[in-house]
Amino acid sequence: MASVTATRTGAERVRRQPRPVAGFWPTTPALFLLLVFFVAPVVGLLLRSVLDPQPGFSNYAEVFGSTTYLRVFTNTFVVAGLVTLATLLLAFPVAWFLAIAPRRWSSLLFGIIILSMWTNLLTRTYAWMVLLQRTGVINKALMDLGLISAPLPLINNLAGVTIGMTYIMLPFMILPLHSTIRTLDPALCRAAALCGASPLQVFAGVFLPLVASGLGAGILMVFVMSLGYFVTPALLGGTANMMLAELIAQLVQSLLNWGLAGAAAVVLLVVTLTIYAIQLRLFGFGVGHEVE
Amino acid sequence: MLLDFDRLGLFRIVLVGIALLVGAFLLLPILLIVALSFGSSRYLQFPPPAWTLKWYAALFADPDWLSSFATSLEIAVTVMIVATLIGLMASFGLTRGRFPGKEVLRALFLTPMVLPVVVLAVGLYAFFLRLHLNGTFAGFVIAHVVVALPFAIISICNALERFDKSIEDAAVLCGASPLEAKIRITLPAIRLGLFGAAIFSFLASWDEVVIAIFMASPDLQTLPVRIFSTLRQDLSPVIAAVSTLLVGLTIVLMLLASLLRKGKPA
Amino acid sequence: MTRPFLSIQAIEKTYGAVVAVKDVSLDIAKGEFMTFLGPSGSGKSTTLYVVAGFLEPTRGDVLLEGKSVLSVPSNKRNIGMVFQRYTLFPHLSVADNVAFPLKVRRRPKAEIDAKVSAMLKLVRLDRMAERMPAQMSGGQQQRVALARALAYDPPILLMDEPLSALDKKLREELQVEIKRIHAETGVTILYVTHDQEEALRLSDRVALFNAGRIEQLGTGRDLYETPATRFVAGFIGNSNFLSGKLDRRSSTACAIVLPDGVRFDAAPSAAIEPQRRDVEIMIRPDHFRLHNGERDDGLPKMTGTVTDTTYLGEYTLIAVRTAWGVPLTVRLPPGAALPDIARGQTIDLTCDRANLRVF
């Protein structure tokens with residue numbers, strides 16, 4: 001028997017007449033703005049790396065040939081790596097806590113995270129300058145406790161940059177991690193435990209693989225943001241461990257060496273875009289996750 | 001188990017401990033600055049030897065700080081309006097339009113957010129040197145709109161994608177012109193996205209410092225630039241006072257945002 | 001000859017190589033309740049959207065009282081529409097939603113107030129004027145949408161599967177309401193649905209769409225009792241189809257031989273091309289007659305085995321497998337069910353010539 005009940009797969013999708021360029025014009029002001037004041041200046045700077053002072057690759061030869069500049073590259077990667085590691089270690093348990101703790105506690109911690117994230121960057125950097133300076137709160141407390149006899153050098157060096165940047169980057173690691181952990185179904189872990197897995201096995205075999213995408217997104221985002229950071233390293237770091245963004249700024253502001261600055265910018269851009277391409281390929285868009 | 005808070009066992013203590021530590025790590029520096037802004041010590045001793053309002057008095061007596069504050073506010077409000085408007089139009093194009101290269105365009109619109117700011121700052125600085133826009137109000141606004149635009153577009157696009165286009169179609173069939181339907185029906189319906197775009201655009205400009213450092217002139221300095229250049233010299237407690245005011249503004253904006261979210265119908 | 005109220009003339013709509021609607025024509029009388037019925041993607045909604053002005057047809061015309069409306073934009077067509085999804089304006093109260101089309105038309109305030117309360121009374125929501133859409137159930141929201149669509153007295157009301165998101169009980173309740181409102185207002189309704197029961201229940205006439213064309217246009221009775229094509233026969237109501245060979249054919253009669261050799265006579269169908277021999281006969285489940293072999297009415301009989309019987313109160317369903325293995329469903333009214341039909345039993349099935357259709 002041909003039992004005929006109409007298919008209930010929903011309404012027919014109705015589309016408007018497809019003209020080749022329908023609805024393009026509203027994007028033109030933004031497009032114009034970005035082409036003229038974003039694409040053109042950036043491309044202009046990049047071109048200077050091969051045109052200034054004379055056409056050729058002399059700027060790149062200098063950037064990659066000089067130990068001074070190579071030290072800046074190394075230093076940039078070391079700082080970004082340290083910051084990523086530190087934020088990861090702190091953010092993972094916090095994101096976990098946020099996902100499963102009673103609502104009252106988690107929303108309080110959330111409020112603190114958002115307050116920190118929305119507070120002016122310079123205010124936060126200033127706070128760490130005050131805390132870390134020779135006569136600052138931390139050194140004073142350690143000396144009062146008798147743990148140290150002379151103030152520790154905490155500022156204008158690697159330690160200062162790493163602490164300050166970790167503070168700034170922490171929310172960018174917590175939020176993507178939290179949004180992944182939050183979507184996990186507790187029943188999954190329970191089911192794994194019922195199958196006889198030990199807590200460690202559940203963690204490594206079920207939990208970690210499921211949050212891998214959030215972990216990856218957070219790691220790449222923090223790393224790439226740290227690579228190009230300017231303000232915090234400029235204020236908390238020392239001249240001995242300058243980072244790439246500072247170098248570019250200094251080449252332009254103090255040395256007026258546009259060609260070299262362009263070459264350094266190309267290096268920074270290539271690294272940044274490569275990492276974003278990896279992220280896009282592996283995890284889709286990690287940017288623009290909702291901030292609660 | 002691992003996701004049941006009450007059944008974590010001993011590990012729960014570890015988790016709570018780290019959460020407490022990170023909470024303190026994030027909150028205490030901000031509280032410290034607020035406290036120091038009322039402390040009498042020129043050298044930012046903590047706890048302060050005495051309490052005072054003299055840093056606030058110094059701040060409000062200094063025309064340079066006041067003019068920086070006004071400059072930042074003017075620029076940020078202008079950027080907020082321009083970025084939200086341009087972003088609104090672009091978002092309509094990106095969500096409703098059908099044209100080749102739409103995804104490329106979307107990626108382009110979001111790129112300023114992921115590009116290291118220093119590259120844009122140096123590039124724009126060179127470009128503005130030729131256009132004589134460095135140190136001008138227009139230059140600041142243009143540069144900050146470029147930085148703010150991705151935030152506005154993300155916020156409005158999210159709202160537009162959640163909005164059912166049939167509702168706008170219904171308004172058109174009711175007799176409203178397509179423009180009237182957008183203004184009277186669609187815009188009110190996506191108002192949360194618009195407010196979000198406005199707040200984020202404002203903050204993007206208000207907090208922006210890297211581009212501003214390059215573009216600032218002695219006559220036109222935004223607040224972050226003045227803080228930055230002051231910090232390069234010393235850690236004046238006046239900055240603690242400025243910072244405290246900025247923290248206050250942040251809290252006001254957060255409350256505003258959470259009020260808006262609560263007012264949203266289910 | 002009277003001029004039709006709404007005339008859809010040879011509409012065609014293509015997207016590149018994809019044909020969504022092909023040569024759809026029909027006339028609708030003033031005050032008529034016309035339903036477009038059909039499966040997903042059959043072109044019924046596309047046709048409706050052409051009438052609404054959301055789509056431009058590739059070819060063809062739409063005339064309202066003799067005048068083409070294709071060049072009139074949607075907002076000037078003065079057409080009412082209720083959508084499948086809930087389309088109340090989320091930031092406006094129920095009363096403001098209903099008032100919206102009148103405010104857009106700049107009607108005086110007193111008139112708007114009077115009309116809004118009349119409309120809310122019509123859909124029986126006059127106590128909910130100040131509610132916001134988010135505070136209402138789906139059924140209530142669609143009633144408001146109906147009030148809003150009728151507030152400006154449009155000559156035509158379009159309804160695009162307005163009840164498909166509601167559960168069965170609510171759907172039936174609202175079907176009664178829609179029928180009542182149609183009777184009270186006399187508005188011409190074009191209604192789209194994929195639910196045949198809803199179509200038959202509501203409409204004066206039904207246009208059954210398939211693959212972008214109208215398969216058959218007629219009253220529900222026409223479609224059920226004299227389906228024009230195999231598709232209509234299969235779509236409307238439940239049917240049994242049996243494959244056979246066309247044996248003899250004249251202008252008044254034809255004979256079909258089933259695989260077991262039984263010959264059925266039937267009225268010839270225009271749907272069959274002259275050369276074709278493989279045909280199907282269609283018999284509705286309630287048109288079968290069962291025999292235990294004792295009586296003989298002279299009609300051809302096929303033999304089958306009962307595989308299952310299901311008592312459903314209002315009727316009894318009997319599943320039968322023919323000798324060559326085709327499953328059939330037989331529906332018997334209460335009382336008519338032979339008490340001794342049991343699983344595994346062999347029975348004879350027959351059907352009056354008038355109830356046989358050949359495709």
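Here is a friendly chat about a predicted model, taken one question at a time.

Colleague: Let's start with chain A: how many helices and strands does its secondary structure come to?
Modeller: Reading along the sequence, you meet the pattern α-α-α-α-α-α-α-α-α-α-α-α. The count for chain A is therefore 12 helices and zero strands.

Colleague: What percentage of the residues in chain A are buried?
Modeller: Chain A has 292 residues. A residue counts as buried if 20 or more other C-beta atoms lie within 10 Å of its own. The buried share of chain A comes to 44%.

Colleague: And what share of the contacts in chain A with a separation of 6 or more joins residues 24 or more positions apart?
Modeller: Here we look at contacts in chain A between residues with a separation of 6 or more. Those whose partners sit 24 or more positions apart account for 76%.

Colleague: How are helix 5 and helix 7 of chain A oriented to each other?
Modeller: Helix 5 covers residues 121-132 and helix 7 covers residues 158-182 of chain A, and their axes are 10 Å apart at an angle of about 140°. Angles over 145 degrees would count as roughly antiparallel, and 65 to 115 as roughly perpendicular. The angle falls in neither range, so helix 5 and helix 7 of chain A are oblique.

Colleague: Which residues of helix 7 of chain A make the contact with helix 5 of chain A?
Modeller: On the helix 5 side, the contact is made by A:Leu121, A:Arg124, A:Thr125, A:Trp128 and A:Leu132. The residues of this contact divide into six nonpolar, three polar and one charged. From helix 7 of chain A come A:Gly160, A:Ile163, A:Gly164, A:Tyr167 and A:Ile168.

Colleague: Moving on to where chains A and B meet, which helix of chain B gives the largest share of the side that touches chain A?
Modeller: The contact takes 72 residues from chain B and 77 residues from chain A. Several helices of chain B each supply at least two residues, including helix 3 (63-96) and helix 12 (237-262). On that side of chain B, 61 residues are nonpolar, seven polar and four charged. The largest share, 13 residues, comes from helix 1 of chain B.

Colleague: Which residues touch the most other members of the largest nonpolar core?
Modeller: This core has 260 residues, and its largest share, 16 residues, comes from helix 6 of chain B. Leaving aside neighbours within four places in sequence, A:Ala264 is in contact with A:Val63, A:Leu244, A:Leu247, A:Ile248 and A:Leu251. The residues touching the most other members are A:Ile248, A:Ala264 and B:Val122.

How values were computed:
Residues are numbered from 1 along each chain as its sequence is written. Chains are lettered from A and ligands numbered from 1 in the order in which they are written. This is a predicted model: local features need pLDDT of at least 70, side-chain atom pairs count only at pLDDT 80 or more; totals for chains, interfaces and linings use all residues. Axes are lines fitted to C-alpha atoms, for helices over the stretch in contact, and angles run from 0 to 180 degrees between N-to-C directions. Helices (H or I, at least four residues) and strands (E, at least two) are DSSP runs, numbered from the N terminus. Angles under 35 degrees count as roughly parallel, over 145 as roughly antiparallel, 65 to 115 as roughly perpendicular and the rest as oblique. Two residues are in contact if their C-beta atoms, placed from the backbone, lie within 7 Å. Ala, Val, Leu, Ile, Met, Phe, Trp, Tyr, Cys and Pro count as nonpolar, Asp, Glu, Lys and Arg as charged, and the others, Gly among them, as polar. A nonpolar core is a set of buried Ala, Val, Leu, Ile, Met, Phe, Trp, Tyr and Cys residues joined through C-beta atoms within 7 Å. A residue is buried if 20 or more other C-beta atoms lie within 10 Å of its own, exposed if 12 or fewer, and partly exposed in between; C-beta atoms are placed from the backbone.
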